[in-house]
Amino acid sequence: MNFDTLIKNGRIITAVDCYYADIAIKAGRIVALGHELGAATEVIDAEGLWVLPGGIDAHCHLDQPLGDGAVMADGFYSGTRSAACGGTTTVMPFAAQQKGQSLRAAVDDYHRRSDGQAFIDYAFHMIVCDPTETVLKEELPALIKEGYTSFKIYMTYDDLKLNDREILNVLALARREGAMVMVHAENADCIAYLTELLTESGNTGPYYHGVAHSSIGEREASHRAISLAELVDVPVLIVHVSGTETIEQIRWAQNRGLRVYGETCPQYLMLTAKDLDRDGFEGAKYVCSPPPRDPAAQEAVWQGLESGVFQVFSSDHAPFRFEDDKGKKLHGEHAHFEHIPNGIPGLETRLPILFSEGVVKERIDVTRFVALTATNPAKIYGLYPRKGTIAIGSDADLTLWDPTAKSTIRNAELHHAVDYTPYEGLELTGRPMLTLCRGRVVSRAGKPESEAGYGEFLKCDKPRPARPRGNAKGF
Ligand code: URP
Ligand code: ZN
Ligand code: ZN
């Protein structure tokens, strides 16, 4: 057979193995692994490089319509271009329902926003904020069957949050239909109470966002979400976990045999509340929910990554420009913290940061890096084995890393449309040198090489990890 591409001499790394072999690619798929495989139209010499599955960023926000006048800086064009340059080959942003809107309309609208825009492949999660009878009985079952097999629910934000009864209803629906539920776990009333106290005492700068979004409130909501999921007997995934208390809840649930999964993000490894306390309005750049906490929390997150409490490492890229009256300065540079758009950018820096700080500094093994950033998200969201691994028959989504290359993060060199990165000046070791999505080079040495429209929409299977344990009473 004449292959399209042959990647020779690389060190292949999956979630379980490291070995030397060549990879043969035909029509966008891996068709052979071995030695002396034959001829190919193009040969890539990967001598000295590590060949990993392309990253899957299973939690990012692109061109998401927002009710408050803020506008996301990145849509599918700049967002997926940026992701590709950081070694990612699939993104999973959110088709977000607005209150009163049909979920189908939200999904259709998101297709219009993404069609022809993406540099790399993409699938949709949904955000369910208005679980009406029509949504629960008709729309969600139909959409799940059509390949939208995961959705996020919120326990906070006035325009998004569900009450406990609504959460039980959507969990029961997920159990019946086989969908994965992602939970933004923060206690809305704790935030409102603390916000009122802080406002009364005149403490309204960006730093106090972190005080209002307490780790106690995050812990309580996580525990409640886990308990509700246990009652219904359905798996659940707690997203963007910020530190010790919530990790304890997830570990407790896992130790009891519950199918509770956890996700964390670079901001909880690299930032702390001190960043929110930077001079003037600078702290607004670091406002996200849950907020970054303290060095002890960072250490707990590292331990959670190492010990397996976390299955998924995502960016939670939520892009708002700083110098922009539709971004962080939506309400000016003296805005009360509760009016600062929540979220920070990170699509392009997610993998290099975890590689450098985690793998190179020997906090996590490189096979765990692959599991957290590609294989587990593919399994948990129904894309495996098409995505997330290096195997015969899988898409040829590959990132070739130079494990010794040095670089420094500079926003001027990133490809998102945000005017800052929270990681400016961070020195890294290890760099994606070449990224292929379905066999085609999409970035080389941090520069884009594909084109908008190459990326394909992916339908997700019903994920095996979303299956209940089957021991609930009364169903
Ligand atoms: O602050 C954050 N995380 N913004 C993005 C939306 C979300 O809740 O993930
Ligand atoms: Zn969230
Ligand atoms: Zn998010």
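The following is a conversation about contacts, cysteines, strands and zinc sites in a predicted model.

Mentor: This is a predicted model, where local features need pLDDT of at least 70, side-chain atom pairs count only at pLDDT 80 or more, and totals for chains, interfaces and linings use all residues. Residues are numbered from 1 along each chain as its sequence is written, chains are lettered from A and ligands numbered from 1 in the order in which they are written, and side-chain values use heavy atoms, with hydrogens and water left out.

Trainee: Why is the contact between R29 and D395 called a salt bridge?

Mentor: A salt bridge is a side-chain nitrogen of Lys or Arg within 4 Å of a carboxyl oxygen of Asp or Glu. For R29 and D395 the N to O distance is 3.6 Å, so the pair qualifies. R29 lies in strand β5 (residues 29–34) and D395 in the loop between α13 (366–380) and β18 (398–408), so the bridge ties together parts 366 residues apart in sequence. Helices (H or I, at least four residues) and strands (E, at least two) are DSSP runs, numbered from the N terminus.

Trainee: What makes D395 buried or exposed?

Mentor: Buried means under 20% relative accessible area, exposed over 50%, and partly exposed in between (1.4 Å probe, protein chains only). D395 has 3% relative accessibility, so D395 counts as buried. R29, at 40%, counts as partly exposed.

Trainee: How do you know that E333 forms a salt bridge with K329?

Mentor: Their closest N and O atoms are 2.8 Å apart, which is within the 4 Å of the definition. K329 is at 13% relative accessibility and therefore counts as buried, whereas E333 is at 43% and counts as partly exposed.

Trainee: What makes E456 and R386 a salt bridge?

Mentor: The closest N and O atoms of E456 and R386 are 3.8 Å apart, and that too is within 4 Å. E456 is in the segment after β21 (447–448) and R386 in the loop between α13 and β18, 70 residues apart. Salt bridges that share partners join R29, D121, R386, K387, D395, D397, R438 and E456 into one network. The structure holds 32 salt bridges.

Trainee: How do you know that C190 is in no disulfide?

Mentor: A disulfide is a pair of cysteine sulfur atoms within 2.5 Å. The nearest cysteine sulfur to that of C190 belongs to C288, 18 Å away, so C190 fails the rule. C288 is in no disulfide either, with the sulfur of C265 as its nearest at 8.2 Å. The count of disulfides comes to zero.

Trainee: Why are β4 and β5 called paired strands?

Mentor: Two strands pair if DSSP finds at least two bridges between them. Strand β4 (residues 22–26) has five bridges to β5, so the rule is met, and the two run antiparallel. I23 stands opposite L33 in β5. The strands form a hairpin with two residues between them, and A27 in the turn has a positive phi of about 50°.

Trainee: What makes K152, H184 and H240 donors of the zinc ion (ligand 2)?

Mentor: Donors are N, O and S atoms within 2.8 Å of the metal (3.2 Å for Na, K and Ca); water is not among the atoms, so sites may look incomplete. K152 (NZ), H184 (ND1) and H240 (NE2) lie 2.1 Å from the zinc ion (ligand 2), so they qualify. K152 is in strand β13 (residues 150–154) and H184 in strand β14 (residues 180–184), 32 residues apart. Both K152 and H184 are buried. The zinc ion (ligand 3) is separated from the zinc ion (ligand 2) by 3.9 Å.
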